[in-house]
Amino acid sequence: MKRLLIIGIGAGDPDHVTLQAVKAIAATDVFFVVDKGEVKHELVQLRLDLIAEHGRPPYRIAEARDPERDRAAAPPAYAAAVEDWRARRALACEALVRDELEDGQTGAFLVWGDPGVYDSTLAIVEDILARGNVTFDYEVIPGISSVAALTARHRTSLTQVGRPVHLTTGRRLAEQGPTADDVVVMLDAHTSFAGLDDHHIHWGAYLGTPDEILVSGPVSEVGERIREVRAEARARKGWIMDTYLLRRLEP
Ligand SMILES: C[S@@+](CC[C@H](N)C(=O)[O-])C[C@H]1O[C@@H](n2cnc3c(N)ncnc32)[C@H](O)[C@@H]1O
């Protein structure tokens, strides 16, 4: 039987990697790296650095290219574009597991943050098993999510006493507005917090990396600054990953 490890590696700081993840990396024979291309090369580089630091030779690295995704698609085509991309990504991953891993060996996907937060790897693994062309056991190693990194860096609590938190995407925030008093927003390409002047925002970009930027305050006071800082950083680096916690201000 082949064995697969889905290892959460944290949100960008090599020290986010847990001891459980370190042991899992050391137990891996073949690392699967799905490359998004040049622009986000740094995200691949962190994985390669972690493998070099914690991998136990002899191990191999097997690479595949992440299929292109239609990022311009608007609803309802957006859902179909994501589904299509996921299906093609699943095929690429299936080929890696089928062709690059032998029975009795352990393979691993190193997943950004926590594999359970807005990441398609677990769904892809289930897709591959359902198709039945290759069989394996798999285990999930949790990681420090960008949500945990954000609240820790802002020295704030994710939850308020006895209150719910809603985790959502920038796209949904733009469509529906805040759906709870406390909302964490990820995958936001358009600063969708603009105009939410009755909220406080804890914003963080490139969390855990040397480029980390933190801004916090009422949206009415810091919203414009975040927009400028974000646009400048994105232009400079060619990509950005940011996350924020919106907290409704007491009336
Ligand atoms: C595809 S999701 C992956 C989330 C990841 N599984 C996690 O646990 O954080 C990508 C989104 O996560 C957030 N993100 C991931 N890493 C981040 C970081 N270092 N700094 C800020 N936001 C980050 C951003 O909202 C980004 O758009």
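**Ligand shell and two strand residues**

A backbone N or O atom of L187 lies 3.0 Å from an oxygen atom of the ligand. This value, like those that follow, was computed from a predicted model. Two further backbone contacts involve ligand nitrogen. At L207, a backbone N or O atom is found 2.9 Å from a nitrogen atom of the ligand. At A11, a polar backbone atom stands 2.6 Å from a nitrogen atom of the ligand. The ligand has 560 Å² of accessible area on its own, and the protein covers 90% of that area.

The shell around the ligand holds 16 residues. Those that come nearest are A11, V117, S146, D242 and T243. A11 thus appears both among these nearest residues and in a backbone contact with a ligand nitrogen. By character, the shell divides into 9 nonpolar, 5 polar and 2 charged residues. Two domains supply residues to this shell: domain 1, spanning 2–144, and domain 2, spanning 147–248. The ligand therefore lies between the two domains.

One shell contact leads on to strand β9. L207, whose backbone approaches a ligand nitrogen, is also touched by L214. L214 belongs to strand β9, which runs over residues 213–218. Beyond residues up to four places away in sequence, L214 touches R153, H154, W203, G204 and L207. H202 is 12 residues from L214 along the chain, and the C-alpha atoms of the two are separated by 7.6 Å. L214 has a relative accessible area of 32%. This value falls between the 20% limit for buried and the 50% limit for exposed, so L214 is classed as partly exposed.

Strand β10 covers residues 242–248 and contains R247. The relative accessible area of R247 is 13%. Buried means under 20%, so R247 counts as buried. The side chain of R247 makes polar contacts with two backbone oxygens. That of S157 is reached at 2.9 Å. That of L158 is reached at 3.0 Å. S157 and L158 also appear in the wider contact list of R247, which leaves aside neighbours within four places in sequence. This list further includes T156, T159 and Q160. D181, D182 and D198 are in contact with R247 as well, as are H199 and H200.

Strand β10 also bears on the ligand site. D242 and T243, which are among the residues nearest the ligand, fall within the 242–248 range of this strand.

How values were computed. Residues are numbered from 1 along each chain as its sequence is written. This is a predicted model: local features need pLDDT of at least 70, side-chain atom pairs count only at pLDDT 80 or more; totals for chains, interfaces and linings use all residues. Side-chain values use heavy atoms; hydrogens and water are left out. A residue is near a molecule or strand if one of its heavy atoms lies within 4 Å of it. A polar contact is a pair of N or O atoms within 3.5 Å; within protein, one must be able to donate a hydrogen and the other to accept it, and residues adjacent in sequence count only if both atoms are side-chain atoms. Accessible areas come from the Shrake-Rupley method with a 1.4 Å probe; for residues, only the protein chains shown count as cover. Ala, Val, Leu, Ile, Met, Phe, Trp, Tyr, Cys and Pro count as nonpolar, Asp, Glu, Lys and Arg as charged, and the others, Gly among them, as polar. Domain bounds come from an automatic or database domain assignment. Helices (H or I, at least four residues) and strands (E, at least two) are DSSP runs, numbered from the N terminus. Buried means under 20% relative accessible area, exposed over 50%, partly exposed in between (1.4 Å probe, protein chains only). Contact means heavy atoms within 4.5 Å.
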